[in-house]
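This briefing introduces the strands and sheets of one structure to a reader meeting it afresh. Please keep the sequence and the view at hand while reading.

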Amino acid sequence: MHELSIAYNLVEIAHEAARSAGALRVNAVHLRLGALSGVVEDALRFSFPIAAVGTLVEGAALVIEPVAVQIYCDHCATSHTLTPPFVFRCPVCEQPVTRLLHGRELQIESIEIEETETELDRGVYATAHS
Ligand SMILES: [Zn+2]
């Protein structure tokens, strides 16, 4: 599955970033996902926890920020947002689209890491050992 290999790739990036920051774990990965990225969001959500097993990313939330398709129309000399189904014509003047500004994004925007044990974790630990 295409999304599983993407998930492994994202997990690896987040894991390495967290490890080099000395983090205990990753709490969340924020991802910018363009409508034309070719990624099936549900499949990626399904694959992410599988790919994260055994890494610092295990248990992290995958927060997906959808990115709309935005084009620049040379004819109108302005940018427009396209809505599905994506017909690559300017929604105003209907000229063919030549420039895509946004919509192909598949990038990690930020990673939330945990650097020290939280009060909650200590509480659980104390309970387990009392
Ligand atoms: Zn136009």
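Which residue in S5 does Gln70 stand opposite? The residue opposite Gln70 is His102 in S5. The model is predicted, and the points below describe its two open sheets of three strands, one with antiparallel pairing and one with mixed pairing.

**The antiparallel sheet**
- The strands of this open sheet follow the order S4-S3-S5, and their pairing is antiparallel.
- Strand S4 (78–82) and strand S5 (99–102) each have a single partner strand, so they stand at the edges, and one side of each is left without a neighbour in the sheet.
- From one strand to the next, the twist averages 35°.
- Strand S3 (residues 69–73) and S5 run antiparallel and are joined by three bridges.

**The mixed sheet**
- In this open sheet the three strands are arranged in the order S2-S1-S6, with mixed pairing.
- Strand S2 (61–67) and strand S6 (106–114) are the edge strands, and each of them pairs on one side only.
- The twist here averages 20° from one strand to the next.
- Seven bridges link strand S1 (residues 25–34) with S2, and the two pair in the parallel sense.
- His30 stands opposite Val63, which belongs to S2.

**The helix across the mixed sheet**
- Helix H1 (residues 2–20) lies across S1 and S6.
- Relative to S6, helix H1 runs at about 40°.

**General background**
- Backbone hydrogen bonds pair the strands of a sheet, in either a parallel or an antiparallel manner.

How values were computed
Residues are numbered from 1 along each chain as its sequence is written. This is a predicted model: local features need pLDDT of at least 70, side-chain atom pairs count only at pLDDT 80 or more; totals for chains, interfaces and linings use all residues. Two strands pair if DSSP finds at least two bridges between them. Helices (H or I, at least four residues) and strands (E, at least two) are DSSP runs, numbered from the N terminus. Axes are lines fitted to C-alpha atoms, for helices over the stretch in contact, and angles run from 0 to 180 degrees between N-to-C directions. Two residues are in contact if their C-beta atoms, placed from the backbone, lie within 7 Å.
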